[in-house]
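Me: I am new to this structure and would like a close look at a single part of it. Could you take one residue as the starting point, stay with its surroundings for a while, and then place that part within the rest of the chain?

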Amino acid sequence: MPDQLLTIETTRLAAGHVRLRLTGELDYDSAPELIAAAAELRGDGDTPVLVDLTGVTLCDSSGLSALLVVHRAAGAIRLTGVSPQLQRMLDRTGLSELLAVAHSDDDARATG
């Protein structure tokens, strides 16, 4: 069992947006939890999804893959609270061009 589990808090925001606030490690062991949360959103069609990663302490390639699954399920996502390390991973893999990343001032407005 991992030392730090992933918790996912789902919140419905104004204008039909959904926020997924992640806390813990997003890795091989916990990525299926995020994918399951994304599957619950599938019935909503193109629901705008904000993924708050402020509380994520680790994200590996499985975590990146899970973010892509959420992106596909929701039509598009916006990442907030991205750490410098995760930003480097997104940049190096080219995912920063696919996944919208909100920075500093945008974070406060987007996550309410």
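Reply: The side chains of Asp52 and Thr54 are joined by a polar contact of 2.6 Å. This is a predicted model, and the distances that follow should be read as features of that prediction. Asp52 is found in strand β3, and it is buried, with a relative accessible area of 6%.

The side chain of Asp52 also meets that of Arg21 in a salt bridge, at 3.1 Å from N to O. Asp52 lies in strand β3 (residues 49–59) while Arg21 lies in strand β2 (residues 18–26), so the pair ties together parts that are 31 residues apart in sequence. The two partners sit in unlike surroundings, for Asp52 is buried at 6%, whereas Arg21 is partly exposed, with a relative accessible area of 28%. The structure holds one salt bridge, and the Asp52 and Arg21 pair is the one described here.

To place this pair, it helps to look at the sheet. Five strands form an open sheet in the order β1-β2-β3-β4-β5, with mixed pairing. Strands β1 and β5 are the edges, each of them pairing on one side only. At one edge, β4 and β5 run parallel and are joined by two bridges, and Arg78 has Ala100 in β5 as its bridge partner. At the other edge, strand β1 (residues 7–12) contains Thr11, whose side chain makes a polar contact of 3.4 Å with the side chain of Glu9. Leaving aside neighbours within four places in sequence, Thr11 is in contact with His17, Val18 and Arg19.

Strand β3 is also met from helix α3, since the buried residues of that helix pack against β3, α2 (61–74), β4 (77–80) and β5 (100–101). In α3 (residues 84–93), the buried residues are Leu86, Gln87 and Leu90. They cover an arc of only 105° around the axis, which puts them on the same side of α3. An α-helix has 3.6 residues a turn, so residues three or four places apart point the same way. On the other side of α3, Pro84, Gln85 and Arg92 are exposed.

Another residue of helix α3 is Asp91, which counts as partly exposed at 44% relative accessibility. The side chain of Asp91 makes a polar contact of 3.0 Å with the side chain of Ser96. Just after α3, Gly94 takes a positive phi of about 85°.

A careful reading also needs the confidence of the prediction. The mean pLDDT of the protein is 85, and 82% of its residues reach 70 or more. Confidence is highest in α3, at a mean of 96, and lowest in helix α4 (residues 105–111), at a mean of 47. Over residues 105–112 the pLDDT is below 50, although beyond near neighbours in sequence this stretch has twelve contacts in the model. Where pLDDT is low, the predicted coordinates should not be read in detail.

Returning to the starting point, Asp52 in strand β3 has a polar contact with Thr54 and a salt bridge with Arg21, and β3 is among the elements against which the buried residues of α3 pack.

Note on methods:
Residues numbered from 1 in each chain as written. Predicted model: local features only at pLDDT ≥ 70, side-chain atom pairs only at ≥ 80, totals over all residues. Heavy atoms only, no water. Salt bridge = Lys/Arg side-chain N within 4 Å of Asp/Glu carboxyl O. Helix = DSSP H or I, 4+ residues; strand = E, 2+ residues; numbered from the N terminus. Buried < 20%, exposed > 50% of the residue type's maximum accessible area, 1.4 Å probe, protein only. Arc of directions from axis to C-beta. Contact = heavy atoms within 4.5 Å. pLDDT = per-residue confidence, 0-100. Polar contact = N/O pair within 3.5 Å; in protein donor to acceptor, adjacent residues only side chain to side chain. Pairing = 2+ DSSP bridges.
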